[in-house]
Amino acid sequence: MAFDYSIDHCPPLPVVEGVEFRHCVGFYGYAVDSLGNVWSCRVRRSKTHSFSTTWNQLRPGLNEGGYKIVRPTNGLRCVTKKIATLVAEAFHGPRPLGADVCHNDGTRTNDTPNNLRWG
């Protein structure tokens with residue numbers, strides 16, 4: 001039996017004092033937080049064949065340029081995305097035409113929304 005996965009199958013976003021969570025644009029079941037982390041809502045099938053979901057923080061990798069990356073699925077395939085891009089889209093809106101994500105302090109691994117801007 002195929003499982004029709006959508007954001008409706010995820011529990012509400014986590015609640016942590018002082019941390020804001022937002023859904024990732026274009027990636028159902030993924031969220032980012034105001035600390036620059038990416039979360040996945042994974043659907044799990046138990047031994048009794050019932051489904052449950054939990055939010056899990058993803059462990060990022062580093063690309064050749066030194067930026068943190070993850071590989072979320074867009075429903076069809078996994079794609080490599082910079083965490084900075086996911087956070088900027090969620091907290092600052094869509095990428096303006098021709099813009100890139102800029103780190104205000106120059107630190108490529110500091111992906112907090114306050115450190116990112118479109119430029």
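Two strands count as paired if DSSP finds at least two bridges between them. The legends below describe a predicted model.

**Figure 1. Strands E1 and E2 of the predicted model form a hairpin**. Strand E1 covers residues 21-23 and strand E2 covers residues 30-33. The two strands run antiparallel and are joined by 3 bridges. One residue pair to locate in this view is His23 with Ala31 of E2, which are bridge partners. Between the two strands lie 6 residues, and Gly26 in the turn has a positive phi of about 85 degrees.

**Figure 2. Val25 is placed in the loop between E1 and E2**. With a relative accessibility of 47%, Val25 counts as partly exposed. Beyond its neighbours within four places in sequence, Val25 is in contact with Glu89 and Ala90. Both of these residue numbers fall in the range of helix H1 (83-92). The C-alpha atoms of Val25 and Val87 are 9.2 Å apart in space, although 62 residues separate the two in sequence.

**Figure 3. The residues of strand E2 point to two sides**. Tyr30 and Val32 point one way from E2, whereas Ala31 and Asp33 point the other way. Which of these four residues are buried, and which are exposed? All of them are buried; the cut-off for this term is a relative accessible area under 20%. Val32 touches residues from several parts of the chain, among them Phe21, Val38, Leu86 and Phe91, when residues up to four places away in sequence are not counted.

**Figure 4. The largest nonpolar core has 19 residues**. Within this core, the residues with the most contacts are Val32, Val38 and Leu86. Three elements give two or more residues to the core: strand E2, helix H1 (83-92) and strand E9 (116-118). Helix H1 gives the most, with 7 residues. Another core, of 7 residues, lies apart from this one and includes Val19, Ala31, Trp39 and Trp55. Val32 and Ala31, which point opposite ways from E2, can thus be followed into separate groups: Val32 belongs to the core of 19 residues, and Ala31 belongs to the core of 7 residues.

**Figure 5. Ser40 is a buried residue** **of strand E3**. Strand E3 spans residues 38-45. The relative accessible area of Ser40 is 5%, so this residue is classed as buried. Leaving out residues up to four places away in sequence, Ser40 touches Gly29, Tyr30, Thr54, Trp55, Asn56 and Leu58. Two of the residues in this view also appear in earlier legends: Tyr30 is one of the buried residues of E2, and Trp55 is among the members of the core of 7 residues.

**Figure 6. Strands E5, E6 and E7 form an open sheet**. The 3 strands are arranged in the order E5-E6-E7, and their pairing is antiparallel. Strand E5 (61-62) and strand E7 (81-82) are at the edges with a single partner strand each, so one side of each has no neighbour in the sheet. Strand E6 comprises residues 68-70 and pairs with E5 over 2 bridges. In this pairing, Gly61 stands opposite Ile69 of E6.

**Figure 7. The model contains 2 salt bridges**. In one of them, the side chains of Glu20 and Arg22 meet with an N to O distance of 2.8 Å. Glu20 is partly exposed at 37% relative accessibility, and Arg22 is partly exposed with a relative accessible area of 29%. Another salt bridge joins Asp100 and Arg95, whose closest N and O atoms are 3.7 Å apart. Asp100 has a relative accessible area of 48% and is partly exposed; Arg95, with 37%, is also partly exposed.

**Figure 8. An overview places the close-up views within the protein chain of 119 residues**. The chain has 1 helix and 9 strands, and from the N terminus on its elements follow the order β-β-β-β-β-β-β-α-β-β. Buried residues account for 36% of the chain. The accessible surface comes to about 7500 Å², with 51% of it belonging to carbon and sulfur atoms. Of the contacts between residues at least 6 apart in sequence, 38% join residues at least 24 apart.

Conventions: Residues numbered from 1 in each chain as written. Predicted model: local features only at pLDDT ≥ 70, side-chain atom pairs only at ≥ 80, totals over all residues. Heavy atoms only, no water. Buried < 20%, exposed > 50% of the residue type's maximum accessible area, 1.4 Å probe, protein only. Contact = heavy atoms within 4.5 Å. Areas by Shrake-Rupley, 256 points an atom, 1.4 Å probe, with all protein chains shown as cover. Core = buried A, V, L, I, M, F, W, Y, C linked by side-chain atoms within 4.5 Å. Salt bridge = Lys/Arg side-chain N within 4 Å of Asp/Glu carboxyl O.
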